[in-house]
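Please look through the structure shown here with its charged side chains and its loops in mind. The paragraphs that follow go from one loop residue to the salt bridges around it, and then to other places in the chain.

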Amino acid sequence: MDFVIIRAGFGSLLKQKDLKFEDNYRKAKAAGLLIGFYWYSYGEETQDFINEARTCLEVIKGKEHELPIYFDLEEQSQLRRGKDFCSAAVKTFCNEIRKTGKETGLYISRYYLQTVIDEEIKTWPHLWVAEYDVKLNYDGPYEIWQKTSIASVPGIDGHCDLNESTVAFSLPKTKEDITMSRQSAYEKMRSELLGRSIDVDGYYGPQCWDLGVYAMKNYYGGHVIHCGQSGYAKDIANQRRSNGILNFCTDVGLNSPLQPGDICIWGDCPACPVSHIAIYDHDDGQNAVYFLGQNQGPVPGRVSIDRIPVNGIIGVFRPKHIKGEGDAKPKAAPKPKNGAVLNSIPSDFHRENATFTVTANKIHIRQAPSVSGKDTGLYYARGQSVNYDGYVIREGFTWISWISASTHTRRWMACGENHGGRTTVPYGTFH
């Protein structure tokens with residue numbers, strides 16, 4: 001959640017200020033969200049819209065905000081009066097706001113934008129369009145799409161509206177904004193490793209040791225550390241004083257809270273009978289702890305994130321630096337425009353050859369990895385499978401991709417909801 005547009009009030013009178021406005025504004029500021037405002041209109045004459053704008057400005061006086069002030073046009077008594085009336089109402093309100101130097105725009109449903117708003121307003125930069133569907137069926141330019149009114153957001157009781165922006169709203173950039181944090185560096189490493197099979201020494205196939213030392217050498221500024229007398233990963237912890245791991249990692253002990261990127265080593269224990277090495281990823285606050293590792297999940301020899309008991313850990317080593325940490329942040333991959341087609345491999349593409357079997361009722365196939373991507377009119381239904389050659393993470397979804405056998409063009413399909421680089425709500429199974 002990056003931004004919020006708060007209702008300031010409705011009508012022409014100060015007493016019509018939204019009763020929750022101050023509380024909503026305070027909470028949004030505390031959460032560090034970008035803030036905009038909207039004013040619900042009941043106006044019937046030109047002076048009404050001027051008064052509504054002035055009342056709105058009085059309500060938000062002294063409030064910092066990064067996003068525009070939107071005129072909310074949705075009363076049926078207004079919409080029934082047609083294009084001339086509605087367009088004049090929008091311009092009157094917004095012109096009054098602009099006199100103060102503030103940015104302003106229009107909130108309206110997609111249907112009425114197309115039927116009661118003139119062409120000039122449709123070119124405005126700040127259009128917030130509502131349509132509760134899997135995509136916005138509008139080909140013109142817009143800034144925000146309101147996609148549902150029944151979303152659930154942590155910290156908010158009951159349902160709320162959910163919006164998606166086509167632009168990157170942002171605060172003035174700080175050093176933290178333009179350089180990669182440790183968390184971001186770890187997430188980049190994780191995205192590059194997930195699904196791969198890594199065999200460093202060419203012996204015994206991809207083992208847990210291979211991923212651990214590969215990360216040490218390629219991401220943590222260290223070197224390959226071989227196992228000792230036992231031949232298992234536990235030797236790395238037991239021989240920490242002599243094998244060089246402390247040159248690029250800190251031994252944080254067994255009582256420090258784990259951080260993403262920490263190298264964890266198990267001794268012989270019920271969970272790992274011949275020891276194990278993996279990298280801490282996250283926990284869910286319910287004593288369920290998840291690790292990035294190899295040869296530990298349902299697919300042998302594949303890097304995955306899996307739940308492993310922490311009992312049995314004999315060493316935790318925190319890298320002093322993760323590759324990319326402190327570097328300039330890479331530019332985000334651009335969102336496809338409405339109806340876009342992406343028939344090539346983008347820079348954020350992760351190669352992975354696997355099979356996906358649908359467990360949802362059906363999933364539409366698109367020509368770009370976006371809910372705005374052109375719909376092919378085809379879909380995969382529950383129980384059907386597709387072989388794919390890679391995926392991207394965009395718009396809160398994981399999109400798998402493959403080359404169509406019939407058209408020889410690239411196809412894209414959302415295989416699940418993605419949060420923090422993980423497919424947390426899969427729409428099927430992978431094998």
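**Aspartate 118 and its surroundings**

In this predicted model, aspartate 118 is buried, because its relative accessible area is 17% and the limit for a buried residue is under 20%. Aspartate 118 sits in the loop between helix H5 (110-116) and helix H6 (119-122), and its side chain reaches the backbone nitrogen of glutamate 120 at 3.3 Å as well as the backbone nitrogen of isoleucine 121 at 3.0 Å. When residues up to four places away in sequence are not counted, aspartate 118 touches Lys83, Ser87 and Lys91.

Two of the residues just named also meet each other, since the side chains of lysine 91 and glutamate 120 form a salt bridge with an N to O distance of 3.0 Å. Lysine 91 lies in helix H4 (residues 82-98) and glutamate 120 in helix H6, so this pair ties together parts that are 29 residues apart in sequence. Lysine 91 counts as partly exposed, at 22% relative accessibility, and glutamate 120 is also partly exposed, with a relative accessible area of 47%.

A search of the whole structure finds 23 salt bridges. One of them joins glutamate 164 to lysine 147, with the closest N and O atoms 2.9 Å apart; this pair links distant parts of the chain, glutamate 164 being in strand S7 (residues 160-165) and lysine 147 in strand S6 (residues 144-151), 17 residues apart. Both glutamate 164 and lysine 147 are buried. In another salt bridge, lysine 99 pairs with glutamate 96 at 3.1 Å between the closest N and O atoms, and here lysine 99 counts as exposed at 64% relative accessibility, whereas glutamate 96 is buried at 10%. Elsewhere, Lys17, Glu22 and Lys63 are linked in a network of salt bridges.

The backbone deserves a look as well. Most residues other than glycine have a negative phi. Asparagine 295, however, has a positive phi of about 65 degrees although it is not a glycine, and its place is in the loop between strand S11 (289-294) and strand S12 (303-307), where asparagine 295 is partly exposed with a relative accessible area of 32%. Glutamate 395, which is not a glycine either, has a positive phi of about 55 degrees. The loop that holds glutamate 395 runs between strand S17 (385-394) and strand S18 (397-403), and glutamate 395 is partly exposed, with a relative accessible area of 23%.

Technical notes
Residues numbered from 1 in each chain as written. Predicted model: local features only at pLDDT ≥ 70, side-chain atom pairs only at ≥ 80, totals over all residues. Heavy atoms only, no water. Helix = DSSP H or I, 4+ residues; strand = E, 2+ residues; numbered from the N terminus. Buried < 20%, exposed > 50% of the residue type's maximum accessible area, 1.4 Å probe, protein only. Polar contact = N/O pair within 3.5 Å; in protein donor to acceptor, adjacent residues only side chain to side chain. Contact = heavy atoms within 4.5 Å. Salt bridge = Lys/Arg side-chain N within 4 Å of Asp/Glu carboxyl O.
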